[in-house]
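Reader: Could you walk me through this one? I'd like to go through it piece by piece, with short answers.

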Amino acid sequence: MFTQEDFKRDAARGLKIIGNMNTVIHCHHYNSRLQRTLEMNTKIDGKKIIKEAAAQVYFELLTTLKNQKNSTDNLELAASLFKFLGFGILDFSNLNEGLVISPFSHYVEGWQCGSINTEGCVCRVTEGYIEGAVKAILGRNISATEVSCYNQIDTTSCHFKIVELVAPKYDFNITRFEQFSFSPEPKEKEVASNIDKSTIVQTIMDMPLEGNNEGLIPAFNVYLAHTPQDFYNKVCINFIKEMDRFGFVDIAKEMLVEDAENCALNTFAGILDSEEWDALISPMIKEDRDKIFGLVAVANALGWGRINVKEHNSIESLELTSSNGYEAFGYIELEEYSNEPKCFMLRGITAGLMELVYEKGELEDRVGKFNSTELTCLTQKNNCCHFLASYSK
Amino acid sequence: MIFPYRRKVKNCIRKDTYRYYFDEKNVNKVWKNLQDQFGKAVQWGAFPLFQIENEKILIRKSLKENSFTLIRKSTFSKSDEVLIHKLIDFAE
């Protein structure tokens with residue numbers, strides 16, 4: 001039902017749009033780590049924040065796609081989109097008996113890979129997706145709760161219990177009536193390197209990144225998934241607001257930075273060691289610093305916006321700029337302007353890139369070797385977001 | 001370096017994802033054996049990267065490298081690994 005043609009690609013701005021929403025590509029490491037940051041925090045109800053954001057965003061996306069595709073009222077559209085975006089497989093055939101089954105899950109893969117194991121049910125985004133999908137396509141108010149998860153021992157698929165509700169659990173609204181677009185035009189220039197950035201960005205944007213028979217997207221040695229940027233922005237903004245209620249706002253921001261720093265280390269380490277890197281980017285690498293430029297080029301193809309290397313003359317510092325980062329634009333859309341920077345993901349990425357390329361040893365031991373700051377931000381009415389990572393002496 | 005050998009890929013798709021390395025002179029033969037068993041490799045994306053895929057496995061190979069990466073899907077079993085090792089004449 002979905003093909004690559006459903007994505008409207010804008011390589012100049014680094015955007016990949018479907019159903020009026022820009023989608024962002026992150027991997028299973030980052031997605032599960034971000035979820036853990038919210039859910040393992042006992043001060044707030046992180047599960048609710050994630051589930052609500054997923055329900056609202058996928059309600060809106062599927063409502064738009066249902067109209068664009070003139071789809072009839074069946075859930076094949078929702079199952080097809082779930083698979084296409086790389087989240088796994090969803091079987092709605094027992095919905096009326098109160099059950100939805102998922103035999104494959106991007107999030108379970110994330111929780112099972114690396115050092116964030118849990119024995120619990122982890123498919124919070126899927127719960128929200130099911131609730132939003134059923135509301136968008138059938139107009140029914142339901143609650144979806146995962147009662148068993150293949151993240152658990154001796155369990156081979158995820159089961160979601162469906163309960164009909166009299167009234168909707170959340171506010172379900174359509175906010176994007178037109179195709180999403182960033183403005184202004186990106187103007188920042190990148191310093192010279194041996195990397196042909198535009199070729200890399202265009203090639204990756206044109207790659208057939210869509211779910212396979214397991215509904216997963218194995219690429220660059222990680223599992224990728226396309227997620228509307230609105231989801232990440234709602235999750236992160238609401239997380240910080242909730243933490244602020246308990247006086248932990250600064251800790252919350254640093255947690256989000258650290259998630260991204262780990263993302264850069266794990267995801268980009270996987271990318272550097274991948275067949276895809278060897279085929280496309282490795283032939284351009286002449287010196288170590290080119291790896292930074294190559295990885296930034298890859299980041300430009302992930303829907304994060306347009307990112308440039310502003311300065312990188314020493315192995316001790318890196319400056320990046322972004323003229324349309326999804327965090328800043330999301331913040332302005334949802335909360336308007338601010339007097340402080342808001343791009344925690346890109347800030348963490350800036351440090352993680354340096355730790356990956358220039359530090360030695362186990363990846364987990366490299367976290368914190370570089371300090372990162374966001375010097376200026378679009379949310380402060382500056383013309384770009386400006387990040388600095390410098391060696392922590 | 002003694003070929004063939006394999007190493008575990010860090011930060012991988014799934015645990016037990018390996019990259020296999022071969023002597024240059026054997027690469028074409030190995031790649032042919034895999035295609036004879038699992039079907040013709042197809043180019044993935046607009047750059048020199050090829051893949052063989054079925055319900056159980058995904059094998060990716062950069063055209064110029066003397067290696068490939070074997071990605072195991074959920075139904076991959078020990079017997080599948082034995083078969084692949086036989087095809088590529090690999091033993092540990």
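Reader: Which are the buried residues of H11(A)?

Author: Keep in mind that this is a predicted model. Helix H11 of chain A spans residues 326-335, and seven of its 10 residues are buried, so the helix is largely enclosed by the rest of the structure. The buried ones are A:Tyr326, A:Glu327, A:Ala328, A:Phe329, A:Gly330, A:Tyr331 and A:Ile332.

Reader: And what covers the buried residues of H11(A)?

Author: The cover comes from chain A, and both strands and helices take part in it. Just past the helix sits A:Glu336, with a positive phi near 70°. As for the cover itself, it includes strand E3 (21-27), helix H7 (229-245), helix H12 (344-358) and strand E13 (385-391).

Reader: Which helix gives the largest share of the largest nonpolar core?

Author: That core holds 134 residues, and A:Phe92, A:Ile130, A:Phe231, A:Phe268 and A:Trp304 have the most contacts inside it. The largest share is 11 residues, and they come from helix H2 of chain A, residues 46-68.

Reader: What does A:Ile130 touch, not counting residues up to four places away in sequence?

Author: A:Ile130 is one of the residues with the most contacts inside the largest core. Leaving out its sequence neighbours up to four places away, it touches A:Leu90, A:Phe92, A:Val100, A:Ile142, A:Ala144, A:Phe160 and A:Ile162.

Reader: How many residues are in the other core, the one with B:Trp31?

Author: This core lies apart from the largest one. Besides B:Trp31, its members include B:Tyr20, B:Leu34 and B:Ile84. The count for this core is 19 residues.

Reader: Now the interface: how many salt bridges are there between chain B and chain A?

Author: Some context helps here: 28 residues of chain B are in contact with 31 residues of chain A. The two chains bury about 2400 Å² between them, with 49% of it on carbon and sulfur atoms. One of the salt bridges pairs B:Arg19 with A:Glu275, whose closest N and O atoms are 3.1 Å apart. The count between the chains is seven.

Reader: Which element gives the most to the side of chain B that touches chain A?

Author: Three elements of chain B give two or more residues to that side: strand E4 (49-53), strand E5 (57-62) and strand E6 (67-72). The most, four residues, comes from E5(B).

Reader: How many residues of that side are charged?

Author: Across the interface, 17 residue pairs are in polar contact, both residues at pLDDT 80 or more. On the side of chain B that touches chain A, 10 residues are nonpolar and seven are polar. The charged ones number 11.

Terms used
Residues numbered from 1 in each chain as written. Chains lettered and ligands numbered in written order. Predicted model: local features only at pLDDT ≥ 70, side-chain atom pairs only at ≥ 80, totals over all residues. Heavy atoms only, no water. Contact = heavy atoms within 4.5 Å. Buried area = accessible area lost by both parts, 1.4 Å probe. Salt bridge = Lys/Arg side-chain N within 4 Å of Asp/Glu carboxyl O. Polar contact = N/O pair within 3.5 Å; in protein donor to acceptor, adjacent residues only side chain to side chain. Nonpolar A, V, L, I, M, F, W, Y, C, P; charged D, E, K, R; others polar. Core = buried A, V, L, I, M, F, W, Y, C linked by side-chain atoms within 4.5 Å. Buried < 20%, exposed > 50% of the residue type's maximum accessible area, 1.4 Å probe, protein only.
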